[in-house]
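Me: I would like a close look at one helix in this model. Please go through it step by step, and then move on to its surroundings.

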Amino acid sequence: MTNHRQRLTDSVTLKDIYAASGRIKSTVCKTPLEPSHSLSALVGTEVRLKMENLQHTGSFKLRGAANVLASLNADQRRAGVIAPTAGNHGLGLACAGHAAGIPVSIFLPFSADPIKVSAMKSYGAQVTFFDNIEDARQEAIVAAQQSGATFVSAYNNQQMIAGGGTVGLEIMEDWPDADVILVNIGGGGLASGIATAIKGINPAAEVWAVQSEASPTFACWKEAGEAIPVEISSSIAEGISGYIEPEAMTWPLIRDCVDRVLLVSEAEIKAAMLLMLNLHSHVVEPSGVPAVAAAIRYAKELSGRKVVCVVSGRNISGSRYLKLVNEASL
């Protein structure tokens, strides 16, 4: 059992993340780690924001996508890639595919944000719609098998995880004394990659993953110590909600490398969106801001510690953004 667990946990290593950093440096930008004096005062400790909302395409997802495509062989490049997504994963692949000349097909739920869909199309991606994200995922698997294209999960993929882990490298480069890194978690690709990087460089630092109370899969699994059935419901943070396969390679990494998995409410996510607008003049999508919400909710537990909040994305239509922030209360 121990050897099996070690093998799973080592499915992505610090060496893999450094290799990814080298592959993607011409495609992505190093995003700023901004001190937040206002949020620091609100939380009662030093807080800095890792601004992945300022990444090309407006989301951290470009990192993993670029790493996946850079790792394909010549035959795989010609056949292209297929991916299911709620939005940002497909946008990252579309952008990276456009730059590399690799065909990209994206399978989306009808509910996908039109801003993200429009951006995917602008990069030349072929998009197909389904009733929900799980239908899109199942159909994408079948289509990849039939066409010979490479299926690219947003999280259940070693290269996606390693690409996301480069965020952790940058945090450690800019603030090696950081004590706690708060990061949003959906399928776990970003959180597991960052945790692998952070723990590999500074084992004393802690990584706290954050998800919505509406979709608490990893919080429940972490508490139980195993993958158990979890009831989920719809969330405004669609990018970090939905079904997670119990066999996903991210789970052992979350289990062994992430210190805590925290929950925030839908109301707290809306409030954090409004706070980011008021304090920093940044538009942030619901899936991009739970780490900020958690810094406020768990302020007492963060007292006296150097805290990083990963702000992971900004892509949202104006009408939807206005609706959500108008519903928020601070």
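Reply: What follows starts with one helix and then turns to other parts of the chain. Keep in mind that this is a predicted model.

Take helix H6, residues 88-100. Does its length fit? H6 has 13 residues, and at 1.5 Å a residue they should span 18 Å. The end C-alpha atoms of H6 are 18 Å apart, which agrees.

Next, is H6 buried or exposed? Buried means under 20% relative accessible area. By that cut-off, 10 of the 13 residues of H6 are buried, so the helix is largely enclosed by the rest of the structure. The buried ones are Asn-88, His-89, Gly-90, Leu-91, Gly-92, Leu-93, Ala-94, Cys-95, Ala-96 and Gly-97.

What covers them? The cover includes three helices: H4 (61-70), H7 (114-122) and H9 (158-174). It also includes strand S3 (81-84) and strand S4 (104-109). Just after H6 comes Gly-101, with a positive phi of about 70 degrees.

H4 leads to another residue. The loop between strand S2 (47-51) and H4 holds Thr-57. Phi of Thr-57 is near 75 degrees, a positive value in a residue other than glycine. Most residues other than glycine have a negative phi. Thr-57 has a relative accessible area of 13%, so it counts as buried.

Ser-281 also has a positive phi, near 55 degrees. Ser-281 lies in the loop between H13 and helix H14 (290-297). Its relative accessibility is 62%, so Ser-281 counts as exposed.

Ser-281 is also in contact with Met-276. Other contacts of Met-276 include Leu-49, Val-289 and Val-292. Met-276 belongs to the largest nonpolar core, which has 38 residues. Met-276 is among the members that touch the most others, and so are Leu-49, Leu-182 and Cys-309. Helix H13 (residues 266-280) gives the most to this core, with six residues. A second, separate core has 32 residues, including Met-172 and Ala-205.

One last stop is Thr-250, in helix H12 (residues 250-257). At 0% relative accessibility, Thr-250 counts as buried. Thr-250 and Asn-157 are 93 residues apart in sequence, but their C-alpha atoms are 8.5 Å apart in space. Among the contacts of Thr-250 are Tyr-155, Ile-161, Gly-187 and Phe-218. A polar atom of the Thr-250 side chain lies 2.8 Å from the backbone oxygen of Gly-187.

Notes. Residues numbered from 1 in each chain as written. Predicted model: local features only at pLDDT ≥ 70, side-chain atom pairs only at ≥ 80, totals over all residues. Heavy atoms only, no water. Core = buried A, V, L, I, M, F, W, Y, C linked by side-chain atoms within 4.5 Å. Buried < 20%, exposed > 50% of the residue type's maximum accessible area, 1.4 Å probe, protein only. Helix = DSSP H or I, 4+ residues; strand = E, 2+ residues; numbered from the N terminus. Contact = heavy atoms within 4.5 Å. Expected span 1.5 Å × (residues − 1). Polar contact = N/O pair within 3.5 Å; in protein donor to acceptor, adjacent residues only side chain to side chain. Lists of a residue's contacts leave out its neighbours within four places in sequence.
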